[in-house]
Amino acid sequence: MHDPIRDVIKADDAALIERSLTEPETFAVLFDRHAPYLHRYVVRRLGPSDAEDVVADTFLTAFQRRGDFDKARADARPWLYGIASNLIGKHRRTEMSLYRAYIRSGVHPAEVSGAPVEDGVGTLAVNRPLAQALLKLNRADRDVLLLVAWAELSYQEVADALAIPLGTVRSRLNRARTRVRQTLERGAE
């Protein structure tokens with residue numbers, strides 16, 4: 001027996017996006033599939049107060065641009081994280097303030113507000129030298145490092161997300177790791 005709802009839920013992202021061009025409501029499956037992970041990533045970058053807006057704006061932008069999505073790619077994660085990274089870039093001051101707050105207090109803003117702290121965020125919150133190291137990175141290097149470390153994207157997925165060559169991902173990641181390591185070693189001295 002054919003179940004159209006199950007077919008939609010089991011479809012890969014490209015098929016969902018293609019179908020959403022004629023049946024816009026199917027885009028909600030993409031949201032349900034990726035929003036929780038994207039939200040966790042944005043909370044780590046900007047804190048909980050801006051995360052909801054950035055995730056909503058990411059999906060709004062994706063919905064508006066869904067006709068431009070490369071249907072040869074089955075997974076929309078890199079595309080969505082690329083959109084989110086651009087939006088996060090518009091909140092650079094918020095991100096920098098968040099790192100400074102980590103350094104001063106050792107507490108993640110989600111802990112203060114009573115909201116649940118995402119796995120791994122607490123590690124950064126109590127690791128002031130790591131927050132200091134992230135603060136010192138330029139935006140491009142930080143984006144690559146955090147897409148690999150926190151969003152768990154592959155190098156190729158990061159290249160796709162940021163629309164940069166794979167070699168650029170490697171060089172930015174190497175530079176970011178070197179700078180973070182140097183900052184952490186200086187902090188341990």
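Here is a friendly chat about a few labels used for this predicted model.

Colleague: Let's start with the helix pair. Why is α5 called oblique to α10?

Modeller: Helix α5 (residues 77-89) and helix α10 (residues 139-149) pack at an angle of about 140 degrees, with axes 11 Å apart. Roughly antiparallel needs an angle over 145, and roughly perpendicular runs from 65 to 115. The angle fits neither range, so α5 counts as oblique to α10. The crossing itself is right-handed.

Colleague: Which residues of α5 and α10 meet there?

Modeller: From α5 come Tyr81, Ser85, Asn86 and Gly89, and they meet Arg139, Asp143 and Leu147 of α10. By class, that contact holds 2 nonpolar, 3 polar and 2 charged residues.

Colleague: Now Arg142, also in helix α10. What makes Arg142 buried?

Modeller: Its relative accessible area is 0%. Buried means under 20%, so Arg142 is buried. Beyond its neighbours within four places in sequence, Arg142 is in contact with several residues, including Arg45, Arg92, Glu95 and Tyr99.

Colleague: How do you know that the side chain of Arg142 has a polar atom within reach of the backbone oxygen of Leu134?

Modeller: The two atoms lie 3.0 Å apart, and the cut-off for a polar contact is 3.5 Å.

Colleague: And Pro165, in the loop between α11 and α12: why is Pro165 called exposed?

Modeller: Pro165 has 53% relative accessibility. Exposed means over 50%, so Pro165 counts as exposed. Pro165 also sits 9.8 Å from Tyr155, C-alpha to C-alpha, with the two 10 residues apart in sequence.

Notes. Residues are numbered from 1 along each chain as its sequence is written. This is a predicted model: local features need pLDDT of at least 70, side-chain atom pairs count only at pLDDT 80 or more; totals for chains, interfaces and linings use all residues. Side-chain values use heavy atoms; hydrogens and water are left out. Axes are lines fitted to C-alpha atoms, for helices over the stretch in contact, and angles run from 0 to 180 degrees between N-to-C directions. Helices (H or I, at least four residues) and strands (E, at least two) are DSSP runs, numbered from the N terminus. Angles under 35 degrees count as roughly parallel, over 145 as roughly antiparallel, 65 to 115 as roughly perpendicular and the rest as oblique. A crossing is left-handed if the near helix is turned anticlockwise from the far one by less than a right angle, and right-handed if clockwise. Contact means heavy atoms within 4.5 Å. Ala, Val, Leu, Ile, Met, Phe, Trp, Tyr, Cys and Pro count as nonpolar, Asp, Glu, Lys and Arg as charged, and the others, Gly among them, as polar. Buried means under 20% relative accessible area, exposed over 50%, partly exposed in between (1.4 Å probe, protein chains only). A polar contact is a pair of N or O atoms within 3.5 Å; within protein, one must be able to donate a hydrogen and the other to accept it, and residues adjacent in sequence count only if both atoms are side-chain atoms.
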